[in-house]
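These are my notebook entries on a single structure. I looked up ring contacts, cysteine sulfurs and surface patches, in that order.

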Amino acid sequence: MLVPQEERGGRTAPPTGPGTPREPTRRIRDVDALRGFALFGILLVNVQVMADPYAGQGPYGSVGERIACWLVTALVSTKFYLLFAFLFGYSFTLQARSAERAGAGFAGRQLRRLLCLWCLGLAHAVLLFPGDILMTYAALGLALFAARGLAPRKAIRAAAVLVVSLGVLLLGRGLLALAATAPGGAAVPRTGTAAAAYRGGPGAVVQANLAQWHDLLAGDLLYAPHILAAFLVGLAAGKRQLLAEFDRYRDRARRLVGYGLPVGLAGGVVTAVCRNGPLDERWYDIGTAVGVLTAPALTAAYGSGLLLVLRTRGGRRLGGMLAAAGRVALTNYLTQSLVMALVFTGYGLALRGRVGLVPVLAGCCGCYAVQLALSAGLVRRFRHGPVEWLLHNVTRGRGHRPGSPPATVVRTSPRGST
């Protein structure tokens with residue numbers, strides 16, 4: 001799931017009574033590490049929307065920009081939001097177990113959580129980044145709640161039906177567009193209207209966000225089946241406790257890497273060829289359809305490969321860094337948008353459309369490295385990040401009690417387990 005909450009899973013301490021000290025439960029580090037890894041891919045995709053959505057597209061930009069955009073499409077786009085969506089579904093099962101251990105009503109907790117998530121997403125879209133995904137997750141979370149009783153096999157089958165149906169729909173639309181449009185059509189001229197609005201004052205930025213958000217709603221609805229499919233796969237994996245007991249599934253993970261990489265990379269190349277050239281824009285929907293059908297394979301290969309690497313001697317240190325970032329992933333996600341807004345809009349430097357894509361992506365690498373370092377320090381000192389603390393308390397329907405220390409300043413063990 002995109003949202004990093006205080007999920008507990010695997011081996012946990014038994015529930016304690018009202019008057020007894022609360023023992024720390026054990027987090028699943030792999031869940032956090034996968035979230036921390038996915039943050040980087042999300043940043044690489046989102047920054048293109050904020051910096052200049054035309055960078056590297058068609059005939060625009062330098063050769064370096066076009067190559068960078070092509071590589072992001074082939075290797076990154078679609079893959080990482082699916083990983084976050086998978087983790088959303090997996091975390092749903094952890095939250096259900098947490099509510100059961102606490103003897104709390106899961107329905108009330110989940111509805112409060114989704115409402116809070118939707119409100120955070122609304123503020124995020126209006127003020128910072130119109131490509132927000134939190135509201136979509138919150139809305140589809142209701143469908144996931146309704147499907148919570150599905151057996152793992154049925155959840156996987158439903159996910160496959162959703163992905164194939166969406167892929168066929170996009171492929172049909174693409175074939176119709178290809179047949180109806182003459183080859184060699186002129187490229188759509190680049191416009192500076194949106195860039196000028198984003199370089200204005202805060203009011204102009206909010207208006208530009210609202211306008212762009214309205215344009216993106218149709219896309220959110222179109223790709224909702226893709227996200228819901230990843231939710232369902234995560235639900236099935238959570239019921240099987242795949243990440244809590246990953247060592248039992250190592251052979252399957254190796255097979256996922258072996259099969260998923262060639263299929264996913266081939267699909268990514270086809271998608272980039274259709275969407276970023278050399279094929280023209282008539283092939284866009286066909287490339288998107290291929291991406292919808294093959295991106296899950298590459299996502300599975302990325303996730304499985306990372307989990308295998310983390311079990312090597314050299315991967316343990318990397319795992320600790322990624323897990324720290326993943327524990328506060330919601331705070332990190334919103335912070336990324338804040339930084340991008342300060343750099344590219346009138347909130348700050350107003351550099352939208354003025355910086356090439358290559359230095360922008362290089363800056364993302366630096367930003368992500370800083371987030372890894374800050375996250376490690378944060379989780380050593382605090383149980384929750386600031387946004388996680390808010391979501392935690394709203395989910396449980398409680399506020400700060402007078403005379404008690406706020407949750408954000410509860411110290412954790414040197415290892416940061418909660």
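**Entry 1: Phe88 and its partner.** I looked up Phe88 in this predicted model and recorded it as buried, because its relative accessibility is 2%. Which residue forms an aromatic pair with Phe88? I found Phe231, with 4.4 Å from centre to centre and 10° between the planes, and I noted the pair as stacked. Phe231 is likewise entered as buried, at a relative accessible area of 0%. I then checked where the two rings lie: Phe88 belongs to helix α3 and Phe231 to helix α8 (residues 202-239), so this pair ties together parts 143 residues apart in sequence.

**Entry 2: the other ring contacts.** I counted nine aromatic pairs in the structure. One of them joins Phe86 and Tyr90, whose ring centres are 6.3 Å apart; their planes meet at 45°, so I classed the pair as tilted. How far apart are Phe86 and Tyr90 in helix α3? The two are four residues apart in that helix, which spans residues 79-102, and this amounts to about one helical turn. I listed Phe86 as buried at 16% relative accessible area, and Tyr90 as buried at 0% relative accessibility. I also traced a cluster in which ring pairs link Phe37, Phe80 and Tyr302. A contact of another kind turned up at Phe145: the charged end of Arg148 sits over its ring, 3.9 Å from the centre.

**Entry 3: cysteines.** How many disulfides does the structure hold? My search returned zero. I followed this up at Cys364, where the closest cysteine sulfur is that of Cys367; the two sulfurs are 6.8 Å apart, which is too far for a bond, given that a disulfide needs sulfur atoms within 2.5 Å. For Cys365, I found the closest cysteine sulfur in Cys364, at 6.9 Å, again too far for a bond. Is Cys364 buried or exposed? I recorded Cys364 as buried, with a relative accessible area of 4%, and Cys365 as partly exposed, at 40% relative accessibility.

**Entry 4: a nonpolar patch.** I looked up the surface and noted a nonpolar patch formed by Val63, Ile67, Leu71, Leu75 and Leu265, with about 400 Å² of accessible area together. Which helix gives the most to this patch? I identified helix α2 (residues 63-75), which contributes four residues. Leu75 is found in helix α2, and I entered this residue as partly exposed, with a relative accessible area of 34%.

Terms used
Residues are numbered from 1 along each chain as its sequence is written. This is a predicted model: local features need pLDDT of at least 70, side-chain atom pairs count only at pLDDT 80 or more; totals for chains, interfaces and linings use all residues. Side-chain values use heavy atoms; hydrogens and water are left out. Patches are made of residues with over 30% relative accessible area and no salt bridge: like charges are joined within 9 Å, nonpolar side chains (Val, Leu, Ile, Met, Phe, Trp, Tyr) within 5 Å. Accessible areas come from the Shrake-Rupley method with a 1.4 Å probe; for residues, only the protein chains shown count as cover. A salt bridge is a side-chain nitrogen of Lys or Arg within 4 Å of a carboxyl oxygen of Asp or Glu. Buried means under 20% relative accessible area, exposed over 50%, partly exposed in between (1.4 Å probe, protein chains only). Rings of Phe, Tyr and Trp (its six-membered ring) pair if their centres lie within 6.5 Å; planes under 30 degrees apart count as stacked, over 60 as edge-to-face and the rest as tilted. A charge sits over a ring if NZ of Lys or CZ of Arg is within 6 Å of the ring centre and within 35 degrees of the ring normal.
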